[in-house]
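I open this notebook to record what I looked up in one structure, going through its pockets, its nonpolar cores and its salt bridges in turn.

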Amino acid sequence: MTTLAADTASRRVSTWLWRHGTWLTLILLLPPLLWLGVVYLGSLLALLAHSFFRLDEFSGQIVYEWGISSYVELLTQRANLDIIQRTVLMAAAVTVASAVIAFPIAYMAARFAGPRLKALFYLGVMLPLWSSYLVRVYAWKLILAKEGVISWAAAGTGTSWLLDAILAIPGIGGPSLSVSYLGMFLVFTYIWLPYMILPLQAALERVPGSLIEASADLGARPERTFRSVILPLAFPGIVAGSIFTFSLTLGDYIIPYIVGTSSLFIGQAVYIHQGTAGNIPLAAAFSVVPIVIMAVYLTIAKRLGAFDAL
């Protein structure tokens, strides 16, 4: 009797939910929305709140009084501005390099690859993502080291002079590639390149072949077709990929610790100030910088139609 009553009640609830699809949708979305609202947005709000507090220099304790002293310290000290500038320039350079490298790869996969070759393409792009992030970074640390593969290849081919000349360039060079901005740039580009290839390939898939043929029929040269037809239609995909490459580079702190110089990036500054220095308000203010930059960037990307390519 109890089983029959339970089955009847379950049937009634199912019928009611089927007739009221809005309530069913809300019930299904409630757990992830609570998780997003409490854990993610709650932590962001706590972070934002801490950025308006200050650290007492004498006691080393956080003073819970509202103010903007942390932002004043962030934006007036030259060292902090250098950290922000260094990080943004690296993120921009990685994004541009990723777009240049990814475009021919994505174009070949979208326009000329058959089903089997396209499957291999996806496998080749996604395969590095299946291995550990730290393993890949440390592998590049060994490759770029002074006794690594690149130095060995340069010595074997008689091009050590070229490698030494590159490492001697002020601003990007160093004792070896593993402790230089150039080496850090190479690792960043390798790590985030798949995130540029996939949105760009999806955008190029949607470029109608008839438009390319029409451009050729009208007498346009291949380079004119590329500039006037392919690139404008693929541009949302480039912007969509840049969202990933730019934001991931902007907030990463592991690669600058393992590969690169002793100069700090935003992620490292946040880690140091909230850990070793214990200056949580300044660390929170540093954390707000990528959020603000990405908010502006996403607004521009949305206007450029990048979300259509995701």
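Entry 1, the largest pocket. I began by asking which element gives the most to the lining of the largest pocket, and in this predicted model the answer is α14, with four residues. I then looked up the volume of that pocket, which comes to about 200 Å³. Its lining is made up of Tyr40, Leu44, Leu47, Ser247, Leu250, Gly251, Ser287, Pro290, Ile291 and Met294. The elements that contribute two or more residues to it are α2 (21–50), α11 (222–251) and α14 (280–303). Sorting the lining by class, I noted seven nonpolar and three polar residues, with no charged residue.

Entry 2, the second largest pocket. I went on to the pocket that ranks second by size, whose volume is about 180 Å³. It is lined by 13 residues, of which Thr95, Val96, Ala99, Ile238 and Ser242 lie closest to its centre. Two or more lining residues come from each of α4 (78–111) and α11, and it is α4 that gives the most, with six residues. By class I recorded 11 nonpolar and two polar residues here, and again no charged residue.

Entry 3, the nonpolar cores. Which residues have the most contacts inside the largest nonpolar core? I found that this core has 20 residues, and that Met90, Val137, Met184, Val187, Phe188, Ile191 and Ile255 are the ones with the most contacts within it. The elements that supply two or more of its residues are α4, α6 (133–144), α8 (160–167), α9 (181–205) and α12 (254–258), and the largest share, six residues, is from α9. I followed one of these residues further: leaving aside residues up to four places away in sequence, Met184 touches Met90, Ile255, Pro256, Val259, Gly260, Thr261 and Phe265. Apart from this core I noted another one, of 19 residues, which includes Ala110, Ile212, Ile230 and Ile238. Ile238 also appears in my second entry, among the residues closest to the centre of the second largest pocket.

Entry 4, the salt bridges. How many salt bridges does a search of the whole structure find? The search returned two, and I looked up each of them separately.

In one, the side chains of Asp82 and Arg78 meet, with an N to O distance of 3.0 Å. The two residues are four apart in helix α4, so about one helical turn separates them. I checked the accessibility of both partners: Arg78 has a relative accessible area of 53% and is therefore exposed, whereas Asp82, at 24% relative accessibility, counts as partly exposed.

In the other, the side chains of Lys118 and Glu205 meet at 2.7 Å, again N to O. This pair links distant parts of the chain, since Lys118 sits in helix α5 (residues 115–126) and Glu205 in helix α9, 87 residues apart. Is Lys118 buried or exposed? At 17% relative accessibility, Lys118 counts as buried, because the cut-off for that class is under 20%. Its partner Glu205, at 33%, counts as partly exposed. I close the entry by noting that helix α9, which holds Glu205, is also the element that gives the largest share of the largest nonpolar core.

How values were computed. Residues are numbered from 1 along each chain as its sequence is written. This is a predicted model: local features need pLDDT of at least 70, side-chain atom pairs count only at pLDDT 80 or more; totals for chains, interfaces and linings use all residues. Side-chain values use heavy atoms; hydrogens and water are left out. On a 1 Å grid over the protein atoms alone, a cavity is a set of points where a 1.4 Å probe fits but cannot get out, and a pocket is an open set with protein on both sides within 12 Å along at least five of seven lines; lining residues have an atom within 4 Å of a point. Grid points are joined across faces, edges and corners, and a volume is the space filled by probe spheres set on the points. Ala, Val, Leu, Ile, Met, Phe, Trp, Tyr, Cys and Pro count as nonpolar, Asp, Glu, Lys and Arg as charged, and the others, Gly among them, as polar. A nonpolar core is a set of buried Ala, Val, Leu, Ile, Met, Phe, Trp, Tyr and Cys residues joined through side-chain atoms within 4.5 Å. Buried means under 20% relative accessible area, exposed over 50%, partly exposed in between (1.4 Å probe, protein chains only). Contact means heavy atoms within 4.5 Å.
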